[in-house]
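Trainee: I have a model on screen and a list of labels for it. Can we test each label against its cut-off?
Mentor: Yes. Pick a label, and we will set the value beside the definition.

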Amino acid sequence: MSARPTARPFRPRSVLSIAGSDPSGGAGIQADIKTIVTHGLYAEAVPVVLTAQSTTGVTAVRALDPLFVRQQIEAVLDDGMPNAIKVGMLGDARTVHAVAVALDSVTSPIVLDPVMLSSSGAPLLAPDAISVLVEDLMPHVTLVTPNIPEAERLTGLELREAGARERAARALARQLGCSVLIKGGHAQGQAADCLAEGDARCVWLEQERIAGGGAHGTGCALSTAIACGLACGHALERSVRDAKAYLTGALAHPISVGHGTAPVNHLWRCTGRTGGQRAEGQPVA
């Protein structure tokens, strides 16, 4: 009897998420893994902060030892460089610095979602960590994706008007030496985000605002989906546009989980609204 031929292993593109843990699965590293997998990529994950939270809010936060966080990242990187990296909630200044040191020699695209507040308003980044984020970590990243309140904290400016947000995006891009996407979810009207690729190029990316969709984990989903696009070799603007389309679809197919703010529906491209089987006409990735 002849031996079965050995299958040639497939080497998928991968995205590493470095973020906080949300045990309810709506945001944080759990949401990142869902986003990566539904994009057909291999998910790697380094938790840096543990939270006690649900769809109704955050009740406790516990940071992991920064040295252990760095060791986790270095273990992954030493075994093979991911095609892109997404960085989310980091919690405190020591952890921000540890992540910056671990990513110092990375050449893959890095997307930073500077998580400062939860959807329910709970503080998720210590005030003294903001300067460390700007000085130590942001020089290593490809794109930073603040929402309007986060951009206001980074600039010290009020950014209610679109013109102010465009000027802030350009100024942050010059200051940080990376591209900046100021998300418009907290503004009125359409979901318009301002993307500054350095000081010379600034574009507005508009998408229909979806009423009634799950809002828990939108920032995590968007930034991770952008990282997925970059991992596939797509240009930054295309990656952002594709990520916005992915998030819009997820919000247009809401799910009901828990008793608070519903989470993003990451399964919208491969299941029906109630789950269980693939929605007709929808691709898996």
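**Labels and their grounds**

Mentor: Start with S17, which counts as buried at 0% relative accessibility. Keep in mind that this is a predicted model.

Trainee: Why is S17 called buried?
Mentor: Buried means under 20% relative accessible area. S17 has 0%, so the label holds. The residue is found in strand β1.

Trainee: What makes the pairing of the S17 and D32 side chains a polar contact?
Mentor: The limit is 3.5 Å between N or O atoms, with one able to donate a hydrogen and the other to accept it. The S17 and D32 side chains are paired at 2.7 Å. That is within the limit, so the term applies.

Trainee: Which residues is S17 in contact with, leaving aside its neighbours within four places in sequence?
Mentor: I29, D32, E44, A45, V46 and K86. For E44, the C-alpha to C-alpha distance from S17 is 6.2 Å, and the two are 27 residues apart in sequence.

Trainee: Now helix α3. How do you know that it is largely enclosed by the rest of the structure?
Mentor: Count the buried residues. Seven of the 10 residues in 93-102 are buried, so the helix is largely enclosed. They are A93, T95, V96, A98, V99, A100 and A102.

Trainee: What covers those buried residues?
Mentor: The cover includes strands β1 (14-21) and β2 (42-54), along with helices α2 (66-79) and α4 (129-137).

Trainee: A93 has 17% relative accessibility. Why does A93 still count as buried?
Mentor: The cut-off is under 20%. A93 has 17%, so it counts as buried. Outside its neighbours within four places in sequence, A93 is in contact with D128, A129 and V132. The C-alpha atoms of A93 and D136 are separated by 9.9 Å, with their positions 43 residues apart along the chain.

Trainee: What makes D92 a cap of α3?
Mentor: A side-chain oxygen of D92 lies 3.4 Å from the backbone nitrogen of R94. The polar-contact limit is 3.5 Å, so this pair is within it. The capped end is the N-terminal one.

Trainee: L90 is in the loop between β4 (84-87) and α3. Is L90 buried or exposed?
Mentor: Buried. Its relative accessible area is 2%, and the cut-off is under 20%, so the label follows. Beyond its neighbours within four places in sequence, L90 is in contact with I18, V48, V49, T95, V96, V99, L133 and L137.

Trainee: And why is H266 called buried?
Mentor: H266 has a relative accessible area of 4%. That is under 20%, so H266 is buried. The residue lies in the segment after α8 (236-252). Not counting residues up to four places away in sequence, H266 touches A31, K34, T35, T38, A221 and Y246.

Trainee: What makes the lining of the second largest pocket three nonpolar, three polar and three charged?
Mentor: Sort the lining: R11, P12, S14, Y42, E44, D79, G80, M81 and N83. Pro, Tyr and Met count as nonpolar; Asp, Glu and Arg count as charged; the others, Gly among them, are polar. So the division is three, three and three. The pocket holds about 180 Å³ of space.

Trainee: What share of the whole chain counts as buried?
Mentor: 51% of the 285 residues. The secondary structure comes to eight helices and nine strands.

Key
Residues numbered from 1 in each chain as written. Predicted model: local features only at pLDDT ≥ 70, side-chain atom pairs only at ≥ 80, totals over all residues. Heavy atoms only, no water. Buried < 20%, exposed > 50% of the residue type's maximum accessible area, 1.4 Å probe, protein only. Helix = DSSP H or I, 4+ residues; strand = E, 2+ residues; numbered from the N terminus. Contact = heavy atoms within 4.5 Å. 1 Å grid on protein atoms, 1.4 Å probe; cavity = no way out; pocket = protein on both sides within 12 Å on 5 of 7 lines; lining within 4 Å. Points joined across faces, edges and corners; volume = space filled by probe spheres on them.
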